[in-house]
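Trainee: Please take one part of this model and go through it closely. I would like to look at the nonpolar core.

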Amino acid sequence: MNIGKSEYEKYLTSSVSQLSGNCLLLLPKENLPSRLPPSINEISEWPNIETNSTFHSILSIGNLASETDLPQFLTELQQYADQQTRLYFCERTKTPDGYSGSAKYDITGTLWEAGWSVIHCERFKIGKSKRSPSYAYGIARRKRYK
C-alpha cells in the first residue's frame, strides 16, 4: 500500500495516542509528532532510565531502524518490559521481496527473533515510486513462554 505524508503522520499520531502508564520514549519528547495522551503517568527517554524500571509502553519512531545492532538492542529492551508492556513502532524496514532501500533490518522478523511477538502490523510505502521506502507500523510484546 502506498500512502502520502499526511497518512504517515496519522499512523504516528495513532501510535502516540495509544501510550499509557509509565512510558519509555526511544526518541526525544520534543520530536514527537503529537501531544502525549493523559493516560501517561510518567515519561522516560532512552537511554536516561533507571536500571530497575519497567514500562507499560515503549515508543519507537525510526529508532529501531537506526540501531547498529538491533537484535542486541531489542534483547536489552526486554529487561524494561513485562508481559503487559507494549512496544509501539513505526520503522523503515526491508521487505519480503528483498528490496531494502536504506533499511538495514526486516523490523518484524528481527523483533520475532529477539523474543518479541508482533501482535499488530501494517506495512506501507511512502510515495508511489517502485523504490519508495517501506515501513512497518505496529505493536509488539514480549513472547509468552510456558
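Mentor: What follows is a walk through the core and then two places outside that topic. Keep in mind that the model is predicted.

The largest nonpolar core has 22 residues, and the members that touch the most others are L64, L74 and W116. Several elements supply at least two residues each: strand 4 (55-61), helix 2 (70-77), strand 5 (81-92), helix 3 (107-113) and strand 7 (134-142). Of these, helix 2 gives the most, with 4 residues.

Now take L64 by itself. Leaving aside residues up to four places away in sequence, L64 is in contact with L26, L70, F73, L74, L87, F89, E91 and I107. One of these contacts, L74, is itself among the three core members that touch the most others.

There is also a second core, separate from the one above, with 19 residues. Its members include Y11, L19, I40 and Y135.

Next, look at S117, which sits in strand 6 (residues 116-126). Is S117 buried or exposed? S117 is buried, because its relative accessible area is 14%, and buried means under 20%. Again not counting residues up to four places away in sequence, S117 touches W112, I139, A140, R141, R142 and K143.

The last stop is a loop. P47 lies between strand 3 (40-45) and strand 4, in the loop that joins that stretch. The peptide bond leading from W46 to P47 is cis, and its omega is near 5°.

Key:
Residues are numbered from 1 along each chain as its sequence is written. This is a predicted model: local features need pLDDT of at least 70, side-chain atom pairs count only at pLDDT 80 or more; totals for chains, interfaces and linings use all residues. Side-chain values use heavy atoms; hydrogens and water are left out. A nonpolar core is a set of buried Ala, Val, Leu, Ile, Met, Phe, Trp, Tyr and Cys residues joined through side-chain atoms within 4.5 Å. Buried means under 20% relative accessible area, exposed over 50%, partly exposed in between (1.4 Å probe, protein chains only). Contact means heavy atoms within 4.5 Å.
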